[in-house]
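Let's take a walk through this model together, starting from one small backbone oddity and working outwards. Keep the 3D view open as you read.

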Amino acid sequence: MLNRPQIEFIHAQLLPWMRIGPGNARPDAEYKFLSRDNDDGACSAVIRYPAGWRREANEHLLVAEEFYVLNGTIEINGVEFGHDTYGYIPAGTTRKTMTARDGAVVLTFFNGDPQLVAGEGSSDEITRVDALHMPWDMTLNDPKLAHLGISRKDLRSDPETGERTFLSMILPHSEPPGLKGPQECHPTVEEAYIVSGSLTGPHGTMAPGAYFWRPPQIPHGPFGTRWGCVALIRFLGGQHVNEWSKEDAPFDFDAPYDPILPENLQAFAYAPWTPPPRY
Ligand SMILES: [Fe+2]
């Protein structure tokens, strides 16, 4: 599930849409892979459901699905997920209906190959978290990240593995003091998708739609943001902790786009970032 190369970072809107074929989850919708483990088929993707897309059949997946609705609304077994709603569906949950009446774009994570299996599964469990209307938790912070004013909305944590999914919000006009700071690393994978705002680090400025997959123990940062940032972050493969370097690294709001990408993504290695018009 976690055997994926470092991707840091790619703007998802530059990747091509592809049609999902029969036999896979969501046939006839479109997807773009953000990252994929070629050993077990676990993947992170953006899925686009056309208006009127509908499935009506008892079926299930043998893998868990986690998702965050970026745009539109989807309905699963009568449960509605509007934009900025998070969902978690364990492996084996029976799917009776799924609808995207007016279309939807959904950030989706499968923890294995998302093959469709006909017939009822072993569970009816569906978790829905209305992130849009949840208050930010402003009490949590690593003192070394105090300059970012980070707030959080917890979406999911796995009591067995310690893995977590949450929204992270950084205040506008945040930068490391003195334009330098220590680098952090984690014993876990860190994966993120920028939902809104901007986030600048050593590899350039991430705009909404930017995605990274960072394997464990890779030093990163320091980070800052001009416009503030909301990112969906997942820590995978264990409990997340911050480990800090003794040396400081520089920070620059004008750092050029300088990504680390596997060969298959290098054709998309250019930055679409244009600052919003200000007058
Ligand atoms: Fe990190």
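Asp-84 is a buried residue, because 21 other C-beta atoms lie within 10 Å of its own, and the cut-off for burial is 20 or more. This is a predicted model, so everything here is computed from predicted coordinates. Asp-84 sits in the loop between strand S8 (79–81) and strand S9 (85–89). Its backbone is worth a look too: phi of Asp-84 is near 65 degrees, which is a positive value in a residue other than glycine.

Arg-26 makes a good companion to that residue. Arg-26 also isn't a glycine, and its phi is positive, at about 65 degrees. You'll find Arg-26 in a loop as well, the one between strand S2 (18–19) and strand S3 (30–36). Is Arg-26 buried or exposed? It counts as buried, because 22 other C-beta atoms fall within 10 Å and 20 would be enough.

While we're on backbone geometry, look at the peptide bonds. Glu-8 and Phe-9 are joined by a cis peptide bond, with omega at about 0 degrees. Phe-9 belongs to strand S1, which covers residues 7–11. Another cis bond links Gly-221 to Pro-222, again with omega at about 0 degrees. Pro-222 is placed in a loop, the one that runs between strand S20 (210–214) and strand S21 (229–236).

That brings us to S20 itself. Five of its five residues are buried, so this strand is largely enclosed by the rest of the structure. Both of its faces are covered: Ala-210, Phe-212 and Arg-214 are buried on one side, and Tyr-211 and Trp-213 are buried on the other. Which strands pair with it? One partner is S1, which runs antiparallel to S20 and is joined to it by four bridges. In that pairing, Glu-8 stands opposite Phe-212, and Glu-8 is the residue we met a moment ago in the cis bond to Phe-9. Another partner of S20 is strand S17 (residues 189–197), also antiparallel and also held by four bridges. Here Glu-190 faces Arg-214 of S20.

Now go back to S8, the strand on one side of the Asp-84 loop. S8 belongs to an open sheet of five strands, ordered S8-S7-S10-S5-S12 and paired antiparallel. S8 and S12 form the edges, and each has a single partner strand, so one side of each has no neighbour in the sheet. Averaged over the sheet, neighbouring strands are turned by 35 degrees against each other, direction ignored. At the S8 edge, strand S7 (residues 74–76) pairs with S8 in the antiparallel sense over three bridges. Within that pair, Glu-75 stands opposite Glu-80 in S8.

At the other edge is S12 (residues 116–118), where you'll find Val-117. How exposed is Val-117? It counts as partly exposed, because it has 14 C-beta neighbours inside 10 Å. Leaving aside residues up to four places away in sequence, Val-117 touches Glu-59, His-60, Leu-61 and Leu-62. Arg-101 makes a nice contrast: it is 16 residues from Val-117 in sequence, and the two C-alpha atoms are 24 Å apart in space.

Zoom out, and the chain is assigned two domains, domain 1 (15–132) and domain 2 (143–268). Their centres, taken over C-alpha atoms, are separated by 26 Å. Where they meet, 11 residues of domain 1 and 11 residues of domain 2 take part in the contact. On the domain 1 side, the elements that give two or more residues are S3, strand S6 (65–72) and S9. The residues on that side divide into eight nonpolar, two polar and one charged.

Finally, the whole chain. Its secondary structure comes to zero helices and 22 strands. Of the 279 residues, 36% count as buried. Among contacts with a separation of 6 or more, 75% are between residues 24 or more positions apart. The C-alpha atoms fill a box of roughly 60 × 40 × 40 Å along the principal axes. The radius of gyration is 19 Å, which agrees with the value near 19 Å that a compact globule of 279 residues would have.

Terms used: Residues are numbered from 1 along each chain as its sequence is written. This is a predicted model: local features need pLDDT of at least 70, side-chain atom pairs count only at pLDDT 80 or more; totals for chains, interfaces and linings use all residues. The radius of gyration is taken over C-alpha atoms; the globule rule is 2.2 Å times the number of residues to the power 0.38. A residue is buried if 20 or more other C-beta atoms lie within 10 Å of its own, exposed if 12 or fewer, and partly exposed in between; C-beta atoms are placed from the backbone. Two residues are in contact if their C-beta atoms, placed from the backbone, lie within 7 Å. Domain bounds come from an automatic or database domain assignment. Ala, Val, Leu, Ile, Met, Phe, Trp, Tyr, Cys and Pro count as nonpolar, Asp, Glu, Lys and Arg as charged, and the others, Gly among them, as polar. Two strands pair if DSSP finds at least two bridges between them. Axes are lines fitted to C-alpha atoms, for helices over the stretch in contact, and angles run from 0 to 180 degrees between N-to-C directions.
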